Amino acid sequence: MRGDGHSFTFLGTGAGCGVPAFFCSCAACDEARANPQARRGCCGVLVEGAQRLLIDTPPDLRHQLVREGVDAVDRLAYTHAHYDHVSGLGELEYLVRLKREAPLPVAASAETLAGIGQEFGYMADCLAPEELAPFEGFDFDGARYTALPVAHAPGTFGFLVETPRTALFYASDTGRLGAETAERVRGIDILVLDATFWKHNWSPGAHHSVQEAVEEGLGLDVSELYLTHLAMHYDEPITLAALEDYLAPYKGRVKAAFDGLRLAI
């Protein structure tokens, strides 16, 4: 989106191994092989106004940017340094070296910046790190980004994105929100929340099940809730068709995000 307003595009909406996983023939993965709408790459988002900001650089990044017609990136922000959220950073090396010719600003926690530095030391001259402490933020391209701590790996953030017309909180990897973060986002317009598991949550300190995400999101009285980081085959497989049937009683207030979904914010 160039001009007035901002857009928020889901580049990927899947958990680590994606949907379909190459090694899996469950009902959810077979559905995704047959139906492109059900396919999910690893999580990342693009916020676009006059300029473009990426939250996370998943391993599928090059294909995601080509799919969305993106030819430039102006700034990066990271939730955390796990493989499925940072490993696509190498795809931006030659954007910097051949086209941009200036380092990309990178905002993240100290822990996340250290992880990126360890994995991508060869790109040190391509990046301009900006360390964020919990509840700190920055202004960029007419929007305010605030790093709110969430329950996942050390130094993990969700980002509260505030534009002149919309407040959105993006928390792709988190267990139940801590009290201060929850109060900061109570009643906001849009909550995008981790919903990794279907039914049994193997990792409740670091993720939500679909059921837990719906309960928490509606308990925070948000106007719209989008579920992301959907594994679709943990603990038992659920197809997109079945998930949409499950969410139907919420009459559009709760939705399963999908790769390529674009919101005006």
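**Exercise 1. Find the bridge partner of Phe169 in E11, then follow the chain through the neighbouring strands.**

*Solution.* Start at the bridge itself: Phe169 is partnered by Leu191 in E11. Strands here are DSSP runs of E with at least two residues, helices are runs of H or I with at least four residues, and both are numbered from the N terminus. Keep in mind that this is a predicted model: local features need pLDDT of at least 70, side-chain atom pairs count only at pLDDT 80 or more, and totals for chains, interfaces and linings use all residues. Residues are numbered from 1 along each chain as its sequence is written, and side-chain values use heavy atoms, with hydrogens and water left out.

Next, widen the view to the strands. E10 and E11 are parallel and share four bridges; two strands pair if DSSP finds at least two bridges between them. Between E10 and E11 the chain passes through helix H6 (residues 179–185), in a β-α-β crossover that is right-handed. That term applies if, with the strands pointing away from the viewer, the path from the first strand over the helix to the second runs clockwise.

Now take the next step along. E11 and E12 are also parallel, with five bridges, and Val192 faces Tyr226 in E12. Here the chain goes from E11 to E12 by way of H7, and this β-α-β crossover is right-handed.

Finally, check the cover: five of the five residues of E11 are buried (under 20% relative accessible area; exposed is over 50%, partly exposed in between, with a 1.4 Å probe and protein chains only).

**Exercise 2. Work out the geometry of the ring pair Phe8 and Tyr170, and place Phe8 in its cluster.**

*Solution.* Begin with the count, which is 11 aromatic pairs. Rings of Phe, Tyr and Trp (its six-membered ring) pair if their centres lie within 6.5 Å; planes under 30 degrees apart count as stacked, over 60 as edge-to-face and the rest as tilted.

For Phe8 and Tyr170, the ring centres are 5.9 Å apart and the planes stand at 65°, so this pair is edge-to-face. Phe8 belongs to strand E1 and Tyr170 to strand E10 (residues 167–171), so the pair ties together parts 162 residues apart in sequence. Phe8 is buried, at 0% relative accessibility, and Tyr170 is buried at 0% as well.

Compare a second pair: Phe197 and Tyr234 have ring centres 5.8 Å apart and planes at 45°, so they are tilted. Both Phe197 and Tyr234 are buried.

To finish, collect the cluster: Phe8, Phe10, Tyr170 and Tyr226 make up one aromatic cluster. Phe10 also stands opposite Val45 in E2, and E1 (residues 7–12) and E2 (residues 44–48) run antiparallel, joined by five bridges.

**Exercise 3. Which strands stand at the edges of the seven-stranded sheet, and is Pro129 buried or exposed?**

*Solution.* First write down the order: the open sheet reads E6-E5-E4-E3-E2-E1-E14, with mixed pairing. The edges are strand E6 (127–131) and strand E14 (262–264); each has a single partner strand, so one side of each lacks a neighbour in the sheet.

Then turn to E6, where Pro129 is found. Pro129 is exposed, with a relative accessible area of 59%. Setting aside neighbours within four places in sequence, Pro129 is in contact with Val106 and Leu113 (heavy atoms within 4.5 Å).
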